[in-house]
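Take a walk through this model, starting from a single pair of side chains and working outward to the whole chain.

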Amino acid sequence: MTMATLTPPPVETGPRTWKWTTEQYYKLGELGFFRDKRVELIHGEIVDMSPIGWPQTLATHLVM
């Protein structure tokens with residue numbers, strides 16, 4: 001291999017992630033950022049919650 005055939009690694013150009021604290025997450029909720037959305041904070045990342053399916057609904061009703 002010669003120096004001419006080596007290429008540098010690609011530069012990441014995608015979105016950067018931000019690690020949120022619990023306090024910041026709750027403040028965003030108070031400000032209405034999550035209105036009509038189902039989100040949760042997992043290891044500092046805000047992620048969309050999966051839709052509630054019938055098994056979860058049934059289990060919730062049986063427990064209550």
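**A bridge across the sequence**

The side chains of Glu 45 and Lys 19 form a salt bridge, with an N to O distance of 3.1 Å. Glu 45 sits in strand S2, residues 45-48, while Lys 19 belongs to the segment before helix H1 (22-30), so the pair ties together parts that are 26 residues apart in sequence. Glu 45 is partly exposed, at a relative accessible area of 32%. How many salt bridges does the count come to? The count is 1 salt bridge. Keep in mind that the model is predicted.

Now set the charges in context. The chain carries 6 positive and 7 negative side chains. The centres of these two sets lie 4 Å apart.

**The overall layout**

The chain has 2 helices and 2 strands. Along the sequence they follow the pattern α-β-β-α. What radius of gyration does the chain have? The value is 21 Å, whereas a compact globule of 64 residues would have one near 11 Å. The box tells its own part of the story. Along the principal axes, the C-alpha atoms fill roughly 70 × 30 × 20 Å.

Burial comes next. Buried residues make up 8% of the 64 residues in the chain. The accessible surface of the chain comes to about 6,400 Å². Carbon and sulfur atoms hold 62% of that surface. Contacts add another view. Among contacts with a separation of 6 or more, 19% are between residues 24 or more positions apart.

**A buried tyrosine in the first helix**

Go to Tyr 25, which lies in helix H1. Is Tyr 25 buried or exposed? Tyr 25 counts as buried because its relative accessibility is 14%, and the cut-off for buried is under 20%. Which residues does Tyr 25 touch, not counting those up to four places away in sequence? The partners are Phe 34, Val 39, Glu 40, Leu 41 and Ile 46. Strand S1 covers residues 39-42, and strand S2 covers residues 45-48. Val 39, Glu 40 and Leu 41 therefore fall in S1, and Ile 46 therefore falls in S2. One distance helps to place the helix. The C-alpha atoms of Tyr 25 and Ile 42 are separated by 11 Å, and the two residues are 17 residues apart along the chain.

**Two positive phi angles**

Now look at the backbone. Most residues other than glycine have a negative phi. Asp 36 is not a glycine, yet its phi is positive, at about 65 degrees. Asp 36 is placed in the loop between H1 and strand S1. Asp 36 is exposed, with a relative accessible area of 81%.

His 43 also has a positive phi, near 50 degrees, and is a residue other than glycine. Where is His 43 found? His 43 is in the loop between S1 and S2. His 43 is exposed too, at a relative accessible area of 73%.

**The loop before the second helix**

Move on to the loop between S2 and H2, where Pro 51 lies. Pro 51 counts as exposed because its relative accessibility is 71%, and the cut-off for exposed is over 50%. Pro 51 and Arg 38 are 13 residues apart in sequence. In space, their C-alpha atoms are 8.4 Å apart.

Ile 52 is found in this loop as well, ahead of helix H2 (54-63). Ile 52 is partly exposed, with a relative accessible area of 47%. Which residues is Ile 52 in contact with, leaving aside its neighbours within four places in sequence? The contacts are Arg 38 and Thr 57. Thr 57 falls within the residues of H2.

Two C-alpha distances complete the picture of Ile 52. Asp 36 and Ile 52 are 14 Å apart in space and 16 residues apart in sequence. Ile 52 and Glu 30 are 24 Å apart in space and 22 residues apart in sequence.

Technical notes: Residues are numbered from 1 along each chain as its sequence is written. This is a predicted model: local features need pLDDT of at least 70, side-chain atom pairs count only at pLDDT 80 or more; totals for chains, interfaces and linings use all residues. Side-chain values use heavy atoms; hydrogens and water are left out. Helices (H or I, at least four residues) and strands (E, at least two) are DSSP runs, numbered from the N terminus. The radius of gyration is taken over C-alpha atoms; the globule rule is 2.2 Å times the number of residues to the power 0.38. Buried means under 20% relative accessible area, exposed over 50%, partly exposed in between (1.4 Å probe, protein chains only). Contact means heavy atoms within 4.5 Å. Accessible areas come from the Shrake-Rupley method with a 1.4 Å probe; for residues, only the protein chains shown count as cover. Lys and Arg count as positive and Asp and Glu as negative; His and the chain ends are not counted. The place of a charge is taken as NZ of Lys, CZ of Arg, CG of Asp or CD of Glu. A salt bridge is a side-chain nitrogen of Lys or Arg within 4 Å of a carboxyl oxygen of Asp or Glu.
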